Amino acid sequence: MEKESVLFKGLKTGLLLVLAGKPEFSVVEREIREKLESSALFFRRGTVIEWRTGTFTAKESLALKKLFLQHGLYFREMKEEADAKKPAVSAVSGAAAAARAGAVLGRKRAESSEMKAEPDADKKDVQMLVVNRTLRGGQEVQSQGSVLVLGNVNPGAQVIAGGSIDIRGTCRGIVHAGAYGDRDAIIIADHLMPVQIRIADVIAQSPEQYEKPELAERASVQDGRIVIEPIER
């Protein structure tokens, strides 16, 4: 069996593209295209694909970015500094990743109108980053602490936080709270309609048909899956 030149390894924020040896770019491009077409369940729409700086030339990177976008995938060139800080997980198989990413967002009524509407501010040593603007497609915000966005998170935008995320607007992008493994982190938005939502290592996709919620909503991990509940601000 011919050895694969392109490997995908799991990260807290998506998938890392790794090359085995020094294959020709034409081989790399062909293998990626074949993987995308044959493993649609593995490469969920909205998944972030990363590669380390220097892996490809500018022309090659542009070609791959266009290829990934055709399949609804987001791309990001990983900086060495960010790579060192980001906790990686072991390589995942297509079946395992599909099972993990296949959890559809659960929704249930709030059992109490006094549910907590703010990210946990009682935790010590948590630094909150305040973003006083709307995030447009292609923009990304990362913080080791919690993040407060005073605006919308549009499709194609990403928010990655080590703590919780609070969006005072509509969320239609990708949000990842508890990026360093904190399953107690939560995500709140006035209208929570993300392409993909993650808390620690738990991943969920939004359903294709989505009704705009009337109340603000909070996402949290319960019994190993992401559950969204309406809350009062």
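A nonpolar surface patch joins nonpolar side chains within 5 Å, taken from residues with over 30% relative accessible area and no salt bridge. The exercises below use this definition and others on a predicted model.

**Exercise 1. Surface patch**

Find which residues make the nonpolar surface patch of about 250 Å², and place valine 130 in the structure.

Solution. Step one: the patch is made by Met128, Val130 and Leu150. Step two: valine 130 belongs to strand 6, which covers residues 128-131. Step three: the relative accessibility of valine 130 is 47%. Partly exposed runs between the limits of 20% and 50%, so valine 130 counts as partly exposed.

**Exercise 2. The open sheet**

Give the strand order of the open sheet and state which strands stand at its edges.

Solution. Step one: the sheet has five strands, in the order 7-9-11-13-14, with mixed pairing. Step two: strand 7 (140-143) and strand 14 (202-205) each have a single partner strand, so they stand at the edges and one side of each lacks a neighbour in the sheet. Step three: from one strand to the next, the twist averages 5°.

Step four takes one pairing within the sheet. Strand 11, residues 174-177, runs parallel to strand 13, residues 196-199, and four bridges pair them. Across this pairing, alanine 177 lies opposite isoleucine 199 of strand 13.

**Exercise 3. Surroundings of alanine 189**

Decide whether alanine 189 is buried or exposed, and list its contacts beyond four places in sequence.

Solution. Step one: alanine 189 sits in strand 12, made of residues 187-192. Step two: its relative accessibility is 0%. The cut-off for buried is under 20%, so alanine 189 counts as buried. Step three: once neighbours within four places in sequence are set aside, alanine 189 touches Ile167, Gly169, Cys171, Ala216, Glu217 and Arg233. Step four: for one of these residues, glutamate 217, a C-alpha separation is available. The C-alpha atoms of alanine 189 and glutamate 217 are 5.7 Å apart, although 28 residues separate the two along the chain.

**Exercise 4. Salt bridges**

State how many salt bridges the whole structure holds, then work through the pairs formed by glutamate 29, aspartate 166 and aspartate 201.

Solution. Step one: a search of the whole structure gives six salt bridges. Side chains of opposite charge can pair when their charged atoms come close. The cut-off is a nitrogen within 4 Å of a carboxyl oxygen.

Step two: glutamate 29 pairs with arginine 33, with 3.9 Å between the closest N and O atoms. Both residues are in helix 1 (residues 25-38), and they are four residues apart, about one turn of the helix. Glutamate 29 is partly exposed at 23% relative accessible area, and arginine 33 is partly exposed at 34%.

Step three: aspartate 166 forms a salt bridge with arginine 168, and their closest N and O atoms are 3.1 Å apart. Aspartate 166 has 1% relative accessibility and therefore counts as buried, whereas arginine 168, at 33%, is partly exposed.

Step four: aspartate 201 and arginine 183 meet through their side chains in a salt bridge of 3.0 Å, N to O. This pair links distant parts of the chain, 18 residues apart: aspartate 201 is in the loop between strand 13 and strand 14, and arginine 183 is in the loop between strand 11 and strand 12. Aspartate 201 is partly exposed with a relative accessible area of 30%, and arginine 183 is partly exposed with a relative accessibility of 38%.

Technical notes: Residues are numbered from 1 along each chain as its sequence is written. This is a predicted model: local features need pLDDT of at least 70, side-chain atom pairs count only at pLDDT 80 or more; totals for chains, interfaces and linings use all residues. Side-chain values use heavy atoms; hydrogens and water are left out. Two strands pair if DSSP finds at least two bridges between them. Helices (H or I, at least four residues) and strands (E, at least two) are DSSP runs, numbered from the N terminus. Axes are lines fitted to C-alpha atoms, for helices over the stretch in contact, and angles run from 0 to 180 degrees between N-to-C directions. Buried means under 20% relative accessible area, exposed over 50%, partly exposed in between (1.4 Å probe, protein chains only). Contact means heavy atoms within 4.5 Å. Patches are made of residues with over 30% relative accessible area and no salt bridge: like charges are joined within 9 Å, nonpolar side chains (Val, Leu, Ile, Met, Phe, Trp, Tyr) within 5 Å. Accessible areas come from the Shrake-Rupley method with a 1.4 Å probe; for residues, only the protein chains shown count as cover.
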